[in-house]
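This report describes one protein structure for a reader who is new to the subject. The sequence and the model are shown first, and the description follows.

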Amino acid sequence: ALTAWLAKDEVRLRAARLRAGADAWAAARRATGMQVSANSLKDRERAEYVMAHSLAHALMTEVAIDCGYPASALKERVYVLPRAPGEAIQCGILIYTASAGNQGTLGGLVEVTRRFARVLTAALDRVGLCSGDPICSDHDPAASSDDRALHGAACHGCLLVAETSCEARNLFLDRALLVDTVGTRGSGFFQ
């Protein structure tokens with residue numbers, strides 16, 4: 001499914017816009033004398049990473065709503081293995097809690113697995129429209145400065161979570177790679 005999705009023209013165009021933003025970010029950093037390793041961006045700017053990372057954020061928000069955990073008690077781990085051309089794409093996400101006390105002992109996170117299809121559907125429905133639209137959905141990474149160049153359609157109204165919950169500092173996110181948005185159609189994995 002990931003290979004077929006990545007082959008779509010709309011996804012390739014969206015991924016190119018995201019890469020252009022990452023390239024602009026790196027160039028701006030290098031212009032100020034900062035060191036930017038190409039390896040630091042290589043795996044995280046891939047469309048499958050951005051999609052999986054965006055899905056993790058959408059699910060963390062929905063899980064917090066569904067089971068009552070504070071969103072800041074949830075954490076993510078995104079696995080997108082490096083691959084050579086022609087190799088199968090392998091990726092996954094883990095959402096967990098590492099909080100001590102009552103937030104980590106209620107069993108609510110484990111119970112979500114029984115309702116996962118409903119939670120996933122609700123998460124995807126929720127990110128289709130953002131309170132920041134059309135500004136959020138029309139965000140152009142290549143025309144942005146600072147860290148805003150490292151993500152597409154993502155803001156505090158839709159995908160950004162507590163920075164302690166995110167392994168990538170709320171960067172490399174784009175809800176347009178999950179579902180259709182007001183500004184982008186056809187590049188979502190879940191259509």
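## Helix α6

Among the elements that cover the buried residues of helix α6 is α4. The structure described here is a predicted model. In this model, α6 has 12 residues. From its first C-alpha to its last, α6 reaches 17 Å, which is close to the 16 Å expected at 1.5 Å a residue.

Which residues of α6 are buried? They are V119, L120, A123, L124 and V127. Viewed down the axis of α6, these buried residues fall within an arc of 130°, and therefore they line one face of the helix. On the other side of α6, the residues A117, R118 and D125 are exposed.

## Strands β1 and β2

Strand β1 comprises residues 74-80. One face of β1 is covered, and it carries L74, E76, V78 and V80. The uncovered face of β1 carries K75, R77 and Y79.

In which sense do β1 and β2 pair? The pairing of β1 with strand β2, residues 91-97, is antiparallel and runs over seven bridges. Within this arrangement, V80 of the covered face stands opposite C91 in β2.

## The nonpolar core

The largest nonpolar core has 57 residues. Of these, W5, L74, F172 and L178 touch the most other members. The elements that give two or more residues to this core are α1, α2 (9-31), α4 (47-67), β1 and α6. Which element gives the most to this core? It is α4, with 13 residues.

Two of the residues that touch the most other members also appear elsewhere in this report. L74 belongs to the covered face of β1, and W5 takes part in the aromatic pairs described below.

## Aromatic pairs around W5

The count of aromatic pairs comes to two. In one pair, the ring centres of W5 and F189 are 5.5 Å apart and the ring planes stand at 90°; because planes over 60 degrees apart count as edge-to-face, this pair is edge-to-face. The pair links distant parts of the chain: W5 lies in helix α1 (residues 2-6), F189 lies in the segment after α6 (116-127), and 184 residues separate them. In the other pair, F189 and F190 have ring centres 5.0 Å apart and planes at 85°, so this pair is edge-to-face as well. Together, W5, F189 and F190 form one aromatic cluster.

Is W5 buried or exposed? With a relative accessible area of 4%, W5 is buried, because buried means under 20%. F189 is partly exposed, with a relative accessible area of 25%, and F190 also counts as partly exposed, at 25% relative accessibility. Apart from its neighbours within four places in sequence, W5 is in contact with V11, A47, E48, M51, L177, S187, G188 and F189.

## Backbone features after α6

Several backbone details can be described one by one. A cis peptide bond joins D133 and P134, with omega about 5°. P134 lies in the segment after α6.

Which residues other than glycine have a positive phi? R169 is one of them, with phi near 55°, and N170 is another, with a phi of about 60°. R169 lies in the segment after α6, and N170 is found there too. As for accessibility, R169 counts as partly exposed at 47%, whereas N170 is buried, with a relative accessible area of 6%.

## A27 and D140

A27 is found in helix α2. The relative accessible area of A27 is 44%, so this residue is partly exposed. How many residues apart in sequence are A27 and D140? They are 113 residues apart in sequence, and their C-alpha atoms are 16 Å apart in space.

How values were computed:
Residues are numbered from 1 along each chain as its sequence is written. This is a predicted model: local features need pLDDT of at least 70, side-chain atom pairs count only at pLDDT 80 or more; totals for chains, interfaces and linings use all residues. Side-chain values use heavy atoms; hydrogens and water are left out. Buried means under 20% relative accessible area, exposed over 50%, partly exposed in between (1.4 Å probe, protein chains only). Helices (H or I, at least four residues) and strands (E, at least two) are DSSP runs, numbered from the N terminus. Two strands pair if DSSP finds at least two bridges between them. Rings of Phe, Tyr and Trp (its six-membered ring) pair if their centres lie within 6.5 Å; planes under 30 degrees apart count as stacked, over 60 as edge-to-face and the rest as tilted. A nonpolar core is a set of buried Ala, Val, Leu, Ile, Met, Phe, Trp, Tyr and Cys residues joined through side-chain atoms within 4.5 Å. Contact means heavy atoms within 4.5 Å. The expected span of a helix is 1.5 Å times one less than its number of residues. The arc is that of the directions from the helix axis to the C-beta atoms.
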